[in-house]
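Hi everyone, thanks for making time for this one. I'd like to walk you through a structure you haven't met yet, so have a look while I talk.

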Amino acid sequence: MVFFCCLVDQTTETEGSKPAAGICGRCGGGASVADTKTSTRFCYLPVYWKSSKTILCTFCGSVLKSYR
């Protein structure tokens, strides 16, 4: 009998942010531009990562727009 189990997860980290013009359409909070790094791991080994600029709400944390 063979039992195969693997773990795949994805994490997103914010590296830096600065204020941006505009407001959130959901809560009315301010917006900020952030450099984000997303990494995908397979069995605890990073296999893929990408960096992008993202516009985030400073109050509720929702992603308003993402640029690759």
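**Strands, turns and a patch**

Let's start with one pair of residues: threonine 40 stands opposite tyrosine 48, which sits in strand 3. Right beside that pair, arginine 41 has proline 46 of strand 3 opposite. Before I go on, please keep in mind that this is a predicted model.

So where do those pairs belong? Strand 2 and strand 3 are antiparallel partners, with 12 bridges between them. The hairpin they make has two residues between the strands, and cysteine 43 there takes a positive phi near 55°.

Now step back to the whole sheet. How many strands form it, and in what order? Four strands make an open sheet, ordered 1-2-3-4, with antiparallel pairing. At the edges you find strand 1 (8-23) and strand 4 (63-67), each pairing on one side only. From one strand to the next, the twist averages 25°. As a quick reminder, strands of a sheet pair through backbone hydrogen bonds, either parallel or antiparallel.

Let's move over to strand 1. Strand 1 is joined to strand 2 by 13 bridges, and the two run antiparallel. One example for you to find: serine 17 has alanine 34 in strand 2 as its bridge partner. The hairpin of strand 1 and strand 2 has six residues between them, and glycine 28, in the turn, shows a positive phi of about 85°.

Next, a residue in strand 2, which covers residues 30-42: serine 32. Is serine 32 buried or exposed? It's buried, because its relative accessibility is 11%, and the cut-off for buried is under 20%. Leaving out residues up to four places away in sequence, serine 32 touches Ser17, Lys18, Pro19 and Ala20, and also Thr54, Ile55, Leu56 and Thr58.

For contrast, look at leucine 45, over in strand 3. Leucine 45 counts as exposed because its relative accessibility comes to 55%, where exposed means over 50%.

That brings me to the surface. Which residues make the nonpolar patch? They are Val8, Phe42, Leu45, Val47 and Tyr48, and the patch comes to about 510 Å². Strand 3, residues 45-57, gives the most to this patch, with three residues. And Tyr48 takes us back to where we began, as the residue opposite threonine 40.

That's my tour, thanks for listening!

Key
Residues numbered from 1 in each chain as written. Predicted model: local features only at pLDDT ≥ 70, side-chain atom pairs only at ≥ 80, totals over all residues. Heavy atoms only, no water. Patch = residues over 30% accessible without salt bridge, like charges linked within 9 Å, V, L, I, M, F, W, Y side chains within 5 Å. Areas by Shrake-Rupley, 256 points an atom, 1.4 Å probe, with all protein chains shown as cover. Salt bridge = Lys/Arg side-chain N within 4 Å of Asp/Glu carboxyl O. Buried < 20%, exposed > 50% of the residue type's maximum accessible area, 1.4 Å probe, protein only. Contact = heavy atoms within 4.5 Å. Pairing = 2+ DSSP bridges. Axes fitted to C-alpha atoms, helices over the stretch in contact; angles between N-to-C directions.
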